[in-house]
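Colleague: I would like to go through the labels on this model. Please set each value against its cut-off and then conclude.

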Amino acid sequence: MQNEVVSREKWLEARRALLAEEKEATRLRDSVNAARLALPWVKVDKDYVFETPEGRKSLADLFDGRSQLLIYHFMLGPDWDAGCTGCSFLSDHVDGALPHLNHHDVTWVAVSRAPLDKIAAYKRRMGWKFPWVSSFGSDFNFDYHVSFSPEDLAKDKVFYNFTRMQPADANDELPGLSAFYRNDKGEIFHTYSSYARGPEELIGTLMILDRAPKGRNEDSTMNFVRRHDEYEEAAKAPSCCH
């Protein structure tokens, strides 16, 4: 299907009208960003322990000497054979940003409930460098509402993305992004979390596709995405990050 073909003059008229909407969206994004920065914080009093390649670490250790920590809740459960396709798509965009984030006093860490050896194997397969640790045996994923036990999924509702949803629409693992701040006294605060399509702006490929003639050209959210080493293979199941 092809869009209407018009003269350059008519195209400029339509493009200027769209530009006005784009500027409005930019102003709205700036406003949302300001509101995000103004959110109240919650002090983290619970002790969490993570398995890392360097041994067991606390949440404070994950900051790696910086004051800000972004944790990507990567969908890779203890019994999963591979990481979520959508989480993998997002994570393909992280390594190049790490020097810039670190220089800006921000540490990025992925956290999954899979055991460390399973995380390491998948990380090698994907060729990633960003820090990735295991919360296996910890309450961390459950407390931040991205992992759900069989008992949780057997209930009438599960809590995800700040609302209660049908268990049929959930999964044992779901994606998200959480932010933390550590002050000079060593106190840690939870400042922000985002779930479902919330972290979508981190996926630069989608932002590029939005400017292409066919856009994302998808039938459902990110159903075209494959792990980056699977594009030459037969089509796999669509992304689990709906």
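Colleague: Why is D64 called exposed?

Modeller: D64 has 54% relative accessibility. Exposed means over 50% relative accessible area, buried means under 20%, and partly exposed lies in between (1.4 Å probe, protein chains only). The value is over the cut-off, so D64 counts as exposed. Bear in mind that this is a predicted model: local features need pLDDT of at least 70, side-chain atom pairs count only at pLDDT 80 or more, and totals for chains, interfaces and linings use all residues. Residues are numbered from 1 along each chain as its sequence is written, and side-chain values use heavy atoms, with hydrogens and water left out.

Colleague: Where is D64 found, and what is its phi?

Modeller: D64 sits in the loop between α2 (59-62) and β4. Helices (H or I, at least four residues) and strands (E, at least two) are DSSP runs, numbered from the N terminus. The phi of D64 is positive, about 55°, although D64 is not a glycine. Most residues other than glycine have a negative phi. N161 also has a positive phi of about 55° and is not a glycine.

Colleague: What makes N161 partly exposed?

Modeller: N161 has 33% relative accessibility, which lies between the two cut-offs, so N161 counts as partly exposed. Its place is the loop between β7 (158-160) and β8 (163-165).

Colleague: And why is K23 called partly exposed?

Modeller: The relative accessible area of K23 is 45%, so K23 also falls in the partly exposed range. K23 belongs to helix α1 (residues 8-37). Its C-alpha atom is 45 Å from that of K118, 95 residues apart along the chain.

Colleague: How do you know that E200 is buried?

Modeller: The relative accessible area of E200 is 14%, which is under the cut-off for buried, so E200 is buried. E200 lies in the loop between β10 (188-195) and α8 (204-209).

Colleague: What joins the side chains of E200 and R197?

Modeller: A polar contact of 2.8 Å joins them. The term needs a pair of N or O atoms within 3.5 Å; within protein, one must be able to donate a hydrogen and the other to accept it, and residues adjacent in sequence count only if both atoms are side-chain atoms. The 2.8 Å between E200 and R197 is within that limit. Leaving aside neighbours within four places in sequence, E200 is in contact (heavy atoms within 4.5 Å) with L206, M207 and R216.

Colleague: Which residues touch the most other members of the largest nonpolar core?

Modeller: F74, W108, F130 and W132 do, in a core of 26 residues. A nonpolar core is a set of buried Ala, Val, Leu, Ile, Met, Phe, Trp, Tyr and Cys residues joined through side-chain atoms within 4.5 Å. The elements giving two or more residues to this core are α3 (85-91), β5 (106-112) and α5 (116-126). Another core, of 23 residues, lies apart from it and includes L59, F63, F148 and Y195. In soluble globular proteins, nonpolar side chains tend to be buried together.

Colleague: Which strands pair with β4, and in which sense?

Modeller: Two strands pair if DSSP finds at least two bridges between them. Strand β4 (residues 68-73) has six bridges to β5, running parallel. It also has six bridges to strand β9 (residues 176-182), running antiparallel. Both counts meet the minimum, so both are pairs. I71 stands opposite V109 in β5, and L69 has F180 as its bridge partner in β9.

Colleague: What do β2 and β3 form?

Modeller: They form a hairpin with two residues between them. Strand β2 (residues 49-52) and strand β3 (residues 55-58) pair in the antiparallel sense over four bridges. T52 has G55 as its bridge partner in β3. Along β2 the side chains alternate: F50 and T52 point to one face and are buried, while V49 and E51 point to the other and are not.

Colleague: Are C84 and C87 buried or exposed, and how many disulfides are there?

Modeller: C84 is at 1% relative accessibility and C87 at 0%. Both values are under the cut-off, so both residues are buried. A disulfide is a pair of cysteine sulfur atoms within 2.5 Å. The search of the whole structure finds zero.
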